Amino acid sequence: MKIIILGAGQVGATLAENLVGEKNEITIIDSDHEKLRQLQDRLDLQVVAGMGSHPDVLKKAGAEDADMLIAVTNSDESNMMACQVAYSLFKTPTKIARVRSEQYIIYQEQLFKHQDVPVDHLIAPEQLVTQAIKRLIDYPGALQVVEFADGKASLVAVKAYYGGLLVGHALSTIKEHIPNVDTRVAAIYRRGKPIRPLGTTIIEADDEVFFIAATKHIRAVMSELQKLESSYKRIMIAGGGLIGAGLAKLLEHNHNVKLIEYSPARAKYLSAHLDKTIVFSGDASDHELLTEENVEQVDAFIAVTNDDEANIMSAMLAKRLGAQKAMVLIQRGAYVDLVQGGEIDIAFSPQQATISALLTHVRRGDIVNVYSLRRGAAEAIEAIAHGDQNTSKVVGKEIREIKLPPGTTIGAIVRAEEVIIAHSNTKIEPNDHVILFLVDKKFIGHVEKLFQPSAFFFG
């Protein structure tokens, strides 16, 4: 595909890196010459310097025959305007914009239509991160939770702990422990390296285990790998921006929520607009404030200000003062691996959430969900099987007959309302939602081709 990316910041650069390796023709636009030079030195792509919403700049970037425009600059207005220009002047088929302002997102149903603002897919990073954190609150002890097929199936990452029922046992014994629950371990990471899970694989303490199951069975499977944590009741949020405020709104009716916001004016506004959340104005890394507000009784301390260092320091302090779990928002992807796993339990990146959402729209074939896992090293994909035995490489075949690329496993199939955990003799039928796990995302192109029916298929 011929793709134009607007914005050479962290999201634009990471997206370009993902797509260049998949034999796409990428052109990236930015007004920062130095950023463009660094990208061109590193990646096989074209660069154009200038304002991405200007018609002459888009024309120079090849908008006249581009398949897709992805606008991820720091300006919502520039992103939306670029989509308008691409639609009006160049008839670009697919236009994607990152939009962060709550004011636009509230009215997205009315605003983002072809006759108004022609954005085909809207990516709202703050909403994505808020939903990801909410899933972690719903499943205490999980490192990552991603949903497929409208929430019917979930892929969950957990750390196996000493004392977990399965630790020291082979994977094949899962069925004995939970006979009424079908699950599949999609991958195991041991000391940061992927291990192919076989029935004979022994689970060790500190393994990071990715398993897939019907969403209703997730807690039962988690209890086999670690001592099941009780539900989080008391939540403390540091930062009252879009993510902090959105999270408080989602949680306040079922949890006791306290929110610390540095700006007195913003704290006053939040206090008036949130129902049950107790809002304080102050510094979240103030030892005295945290002690006064009984941080030692908090089940989860979640730092989501727009300052990485402030998030890290306040979360570490909260953990040392007795908070059960510490979660932080990290803007710089390089920091995520540095901080997660020590005093900070979970670090999440808005960039990674944005990349996952963008990749869902870029993938070929009928791929309806893409999640970036392990900080971008692996991917989980939901693909819909189309065609029949004559036109499809997967329909009508048992899983053992499908030529999957190395390190790729089919974890589950969702057929109408039923979640079927995949086994070697499971047969794929038309319109099945197939959930795959890729340890190495460089093979994504192979998976896309598998799920593209031949030219003779008319669906």
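This is a guided tour of a predicted model, arranged as a series of selections to make in the viewer.

**Aromatic pairs**

Begin with the rings, since a search of the whole structure turns up 3 aromatic pairs. Select F148 and Y371, whose ring centres lie 5.3 Å apart with the planes at 85°, so that the pair counts as edge-to-face, the cut-off for that class being over 60 degrees. If you colour the strands, you will find F148 in strand β7 (residues 142-148) and Y371 in strand β18 (residues 367-373), so this pair ties together parts of the chain that are 223 residues apart in sequence. Switching to a surface view, you can check that F148 is buried, with a relative accessible area of 0%, and that Y371 is buried as well, with a value of 16%.

Next select F210 and F437, which form a tilted aromatic pair, with 5.3 Å from centre to centre and 50° between the planes. This pair also links distant parts of the chain, for F210 belongs to strand β11 (residues 208-214) and F437 to strand β22 (residues 433-438), and the two residues are 227 residues apart. Both F210 and F437 are buried. Keep them displayed and add Y189, because ring pairs link Y189, F210 and F437 into a cluster.

A ring with a charge beside it comes next: select Y87 together with K91, and look for the charged end of K91, which sits over the ring of Y87 at 6.0 Å from its centre.

**Helices**

Now hide the side chains and show helix α7 (residues 125-138) with helix α15 (residues 350-362), which pack at an angle of about 105° with their axes 9 Å apart. That angle makes α7 roughly perpendicular to α15. To see what lies between the two helices, bring back the side chains of P125, L128 and V129 in α7, which meet P350, A353, T354 and A357 in α15. Sorted by character, the residues of this contact comprise 6 nonpolar, 1 polar and no charged.

Move on to helix α1 (residues 10-20), where 8 of the 11 residues are buried, so the helix is largely enclosed by the rest of the structure. The buried residues to select in α1 are V11, G12, A13, L15, A16, N18, L19 and V20.

Two of these, V11 and G12, reappear when you select V72, which touches I5, L6, G7, V11, G12, N79, R98 and L358, leaving out residues up to four places away in sequence. V72 itself lies in the loop between β4 (68-71) and α4 (76-90), and at 4% relative accessibility it counts as buried. For a sense of scale, draw a distance from the C-alpha of V72 to that of I428, which should read 37 Å for two residues that are 356 residues apart in sequence.

**Two leucines in helices**

Select L225, which is placed in helix α9 (residues 218-225). Is L225 buried or exposed? At 4% relative accessibility, L225 counts as buried. Apart from its neighbours within four places in sequence, L225 is in contact with V158, K159, A160, Y161, G164, L166, V167, I203, V209 and F211. The C-alpha atoms of L225 and Y162 are separated by 8.8 Å, although these residues are 63 residues apart along the chain.

Then select L111, which has its place in helix α6 (residues 108-111). With a relative accessibility of 29%, L111 counts as partly exposed. Its contacts, again without neighbours within four places in sequence, are with Y104, D116 and V117.

**Two loop residues with positive phi**

Finish with the backbone, bearing in mind that most residues other than glycine have a negative phi. Select D150, which has a positive phi of about 55° although it is not a glycine. D150 is located in the loop between β7 and β8 (153-159), and its relative accessibility of 79% makes it count as exposed.

The last stop is N431, another residue other than glycine with a positive phi, here near 70°. N431 is found in the loop between β21 (418-421) and β22, and at 52% relative accessibility N431 counts as exposed.

Key: Residues numbered from 1 in each chain as written. Predicted model: local features only at pLDDT ≥ 70, side-chain atom pairs only at ≥ 80, totals over all residues. Heavy atoms only, no water. Phe/Tyr/Trp six-rings, centres within 6.5 Å; stacked < 30°, edge-to-face > 60°. Helix = DSSP H or I, 4+ residues; strand = E, 2+ residues; numbered from the N terminus. Buried < 20%, exposed > 50% of the residue type's maximum accessible area, 1.4 Å probe, protein only. Lys NZ or Arg CZ within 6 Å of the ring centre and 35° of its normal. Axes fitted to C-alpha atoms, helices over the stretch in contact; angles between N-to-C directions. Parallel < 35°, antiparallel > 145°, perpendicular 65-115°, else oblique. Contact = heavy atoms within 4.5 Å. Nonpolar A, V, L, I, M, F, W, Y, C, P; charged D, E, K, R; others polar.
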